[in-house]
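I opened my notebook to look up how aromatic rings sit in this structure, and I wanted to keep each entry careful enough to follow later.

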Amino acid sequence: MEKIEHTTVQTNGINLHVASIGTGPAVLFLHGFPELWYSWRHQMISLSSLGYRAIAPDLRGYGDSDAPPSAESYSSFHIVGDLVGLIDKMGIDKVFLVGHDWGAVIAWHFCLFRPDRVKALVNMSVPFRPRHPIIKPVEGLRALFGDDYYICRFQVNSLFTAFK
């Protein structure tokens, strides 16, 4: 693990902490909730030994990356923008994209917004769910899984309701 390099990259108005190792075709790893780049350390070392450049940022709001105070700063557009800016700064045209959990959601959106920047996608634990034209995402999850589902539970309104 001591061969993994850590840098800070300015992108899309924030600083991202980025772990990387190796040379060759780039594999961009996107962590889930509540994870960090560290979740990918074993895969990064393995792929770098096979001739790949493994890159794993702490996504916006996580770990050593900046955490803007406004909830509106965490849309898929913002986070994908961070990642496109990151690969631009690294001089990378296209990436193999790997996502897990929340990172898989972002990876799906990355592919939808910027298919020109993706060679291939591997996602774990989260299938693609297109946005419903009427039902907001959290409302849909609450209807399917109830208030105790972790995404619903972490909403501000749920927290206030829990303490009444």
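I looked up phenylalanine 29 in this predicted model and found that the residue is buried, because its relative accessible area is 2%, below the 20% cut-off. I did the same for tryptophan 40, which is also buried, with a relative accessible area of 5%.

I then counted the aromatic pairs, and the count came to nine. In one of them, the rings of phenylalanine 29 and tryptophan 40 have their centres 4.8 Å apart, and I noted the pair as tilted because the planes stand at 35°, which lies between the limits of 30 and 60 degrees. This pair links distant parts of the chain, since phenylalanine 29 belongs to strand E3 (residues 26-30) and tryptophan 40 to the loop between E3 and helix H1 (41-49), 11 residues apart.

Next I turned to phenylalanine 77 and phenylalanine 113, whose aromatic pair is stacked, with 4.6 Å from centre to centre and 10° between the planes. Here too distant parts of the chain are linked, as phenylalanine 77 lies in helix H2 (residues 76-89) and phenylalanine 113 in helix H3 (residues 102-113), 36 residues apart.

Which of the words buried, partly exposed or exposed fits phenylalanine 77? I wrote down exposed, because its relative accessible area is 61%, over the 50% cut-off, whereas phenylalanine 113 counts as partly exposed at 32%.

I also noted one aromatic cluster, formed by Phe33, Phe145, Tyr149, Tyr150 and Phe154.

Last, I checked the record: UniProt, in an unreviewed entry, places the feature "domain: AB hydrolase-1" at residues 25-145. Over residues 25-145 I found 36% helix and 19% strand, with the end C-alpha atoms 40 Å apart.

Definitions and conventions:
Residues are numbered from 1 along each chain as its sequence is written. This is a predicted model: local features need pLDDT of at least 70, side-chain atom pairs count only at pLDDT 80 or more; totals for chains, interfaces and linings use all residues. Side-chain values use heavy atoms; hydrogens and water are left out. UniProt positions are given in the numbering used here, feature names are shortened, and annotations may be inferred rather than shown by experiment. Helices (H or I, at least four residues) and strands (E, at least two) are DSSP runs, numbered from the N terminus. Rings of Phe, Tyr and Trp (its six-membered ring) pair if their centres lie within 6.5 Å; planes under 30 degrees apart count as stacked, over 60 as edge-to-face and the rest as tilted. Buried means under 20% relative accessible area, exposed over 50%, partly exposed in between (1.4 Å probe, protein chains only).
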